[in-house]
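Please walk through the structure below, beginning with a single side chain and moving outward to the cores, the helices and the charged pairs.

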Amino acid sequence: MKITIVGTGYVGLVTGTCFAEMGTDVCCVDVDARKVGMLQQGNPPIYEPGLEDMLRSNIQKGRISFTTSLKEGIKNAEVVFTAVGTPPDEDGSADLKYVLGVAREVGQNMESYLLVVTKSTVPVGTAKKVRAAIQEELDKRGVNIPFDVASNPEFLKEGSAIRDFMYPDRIVVGVESEQAREVMARLYRPFTLNAHPVLFMDIPSAEMTKYAANSMLATRISFMNDIANLCELVGADVNSVREGIGSDTRIGSKFLYPGIGYGGSCFPKDVKALIRTAAQNNYNMQVLQAVESVNEEQKSLLFRKFKNRFGKDIKGMTVAFWGLAFKPNTDDMREAPSLILIEKLLQEGCKVKAYDPISMDECKRRIGDSITYCKDIYETVAGADVLFLVTEWTEFRNPRWEQVKQSLKYPIVFDGRNLYDRKQLTESGFEYHGVGIL
């Protein structure tokens, strides 16, 4: 079976590489010739644990290839996945120009039956637009070539995307014909052999499932951040509260960890898009509006704690950052809390020194040399006034605290992820400020 993946960003590249790993013949298409050249050499443009080795292995075995030509890529393919970006418009709605652009190009070049599957995160009703765009191009050509459209949203977590794809909780597929269902069932059969369920449904339900899932997870995060902020005011410990409610099997413990807000490519964009979809249908998503508001406020939490601790006189102070990426095991800085914190500190006349194992190049691409980039955690704290723990990378878990204390002007830790034990640090001579912990 041959499939084509259009778009070699995070979703497209992981999807194509994992399908190739299962023995499928995969051709990945991208308009960026530089990126295609890198991929042909086995060099992924993104960081994801395990991806580079799997990619190179499948290139060597001839199971995955890369091209800039969609016409070449879809030749003899049965399935075409659209995995291009859907960035938010100014009003928060998903911009479908890339998705519909692929649809039109497919219609201009297809020669036999194709199943066109949207992998990108798109609003409900997008499949109808994709179908119309393809059909319009076929009509212009004066040809009658059968095709189907389907929806197959991704549920990949950055940092564990390979495992998520190879061992999924569920595979959601929206179809509108038995032929499309049969093709998708055949494609995913290697996964169902390991008892991973394929949930077939209508296309609008599949499109909604993706947004609903991400919005629910974002809701849990903002809920716990709201609870954590209240815990500080009433003298409760959010870690105890989290354990207390997470042990309820109806609630569970996942995504109940308070912190400084969610970021990345999915949650912020998808929450905005679902709010916008509701507005377009004359419905007000009150809960999600609150989720978004809480999250934006939470990204500034460490700055507010820092300023409350030192008052107005923070100009000229140096803050050490451990972590820049929005989460560990990725170089993704889209909507990262670190960017908000850095912006606010610089506006107040502070200096920032930072270290991140992976994302410093990405940070430099975004904000240039407005901060100082360091080679490790100890260089970061050398000569700094205080420490911000921003991203909970594994290598930050057990530092040499005595060296850190001697390096800082003030032995104060602002822990944005509740990574450290308050009692331990206090006994070691530090002043500790966590999230929802007094």
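**A buried aspartate and its surroundings**

The side chain of Asp415 makes a polar contact with the backbone nitrogen of Tyr420 at 2.8 Å; it also reaches the backbone nitrogen of Asn418, at 2.9 Å. A polar contact is a pair of N or O atoms within 3.5 Å; within protein, one must be able to donate a hydrogen and the other to accept it, and residues adjacent in sequence count only if both atoms are side-chain atoms. This is a predicted model, in which local features need pLDDT of at least 70 and side-chain atom pairs count only at pLDDT 80 or more, while totals for chains, interfaces and linings use all residues. Residues are numbered from 1 along each chain as its sequence is written, and side-chain values use heavy atoms, with hydrogens and water left out.

Asp415 lies in strand S13 (residues 412-415). Helices (H or I, at least four residues) and strands (E, at least two) are DSSP runs, numbered from the N terminus. Asp415 is buried but has no salt bridge, and the nearest side chain of opposite charge, that of Arg417, is 7.2 Å away. Buried means under 20% relative accessible area, exposed over 50%, and partly exposed in between (1.4 Å probe, protein chains only). A salt bridge is a side-chain nitrogen of Lys or Arg within 4 Å of a carboxyl oxygen of Asp or Glu. For charge, Lys and Arg count as positive and Asp and Glu as negative; His and the chain ends are not counted. Leaving out residues up to four places away in sequence, Asp415 has contacts (heavy atoms within 4.5 Å) that include Leu302, Leu389, Tyr432 and His433.

Tyr420 also appears in the next part of the picture. The largest nonpolar core has 56 residues, and Tyr420 is listed with Phe306, Phe321, Trp322, Leu345, Phe388 and Trp401 as having the most contacts inside it. Helix H14 (residues 301-310) supplies the largest share of this core, five residues. A nonpolar core is a set of buried Ala, Val, Leu, Ile, Met, Phe, Trp, Tyr and Cys residues joined through side-chain atoms within 4.5 Å. In soluble globular proteins, nonpolar side chains tend to be buried together. Beyond four places in sequence, Phe321 touches, among others, Leu341, Ile342, Leu345, Tyr355 and Phe388. A second, separate core of 40 residues includes Ile5, Met54, Ala180 and Val183.

Three of those Phe321 partners, Leu341, Ile342 and Leu345, are among the buried residues of helix H15 (residues 337-347). Pro337, Ser338 and Leu339 are also buried there. What do the buried residues of H15 pack against? They pack against H14, strand S9 (318-322), strand S10 (351-355), helix H16 (360-367) and strand S12 (386-389). Just after H15, Gly349 has a positive phi of about 85°.

The cysteines can be dealt with briefly. A search of the whole structure finds zero disulfides, a disulfide being a pair of cysteine sulfur atoms within 2.5 Å. For Cys363, the nearest cysteine sulfur is that of Cys374, 12 Å away. Cys363 counts as buried because its relative accessibility is 0%, and Cys374 counts as buried at 3%.

Elsewhere, Ile275 is found in helix H12 (residues 267-280) and counts as buried at 14% relative accessibility. Outside its neighbours within four places in sequence, Ile275 is in contact with Met285, Leu288, Gln289 and Glu292. Glu292 in turn forms a salt bridge with Lys272 (3.2 Å, N to O). This pair links helix H13 (residues 286-298), which holds Glu292, to helix H12, which holds Lys272, across 20 residues. Both ends count as partly exposed, Glu292 at 22% and Lys272 at 25%.

How many salt bridges are there? The count comes to 26. Side chains of opposite charge can pair when their charged atoms come close. Glu154 and Lys210 meet at 3.1 Å, N to O. Glu154 lies in the loop between strand S6 (147-151) and helix H7 (161-166) and Lys210 in helix H10 (residues 203-234), so the pair ties together parts that are 56 residues apart in sequence. Glu154 is buried at 5% relative accessibility, as is Lys210 at 2%. The salt bridge between Asp369 and Lys364 spans 3.4 Å, N to O; Asp369 is exposed at 60%, while Lys364 is partly exposed at 42%. Glu78, Glu182 and Arg186 are joined into one network by salt bridges that share partners.
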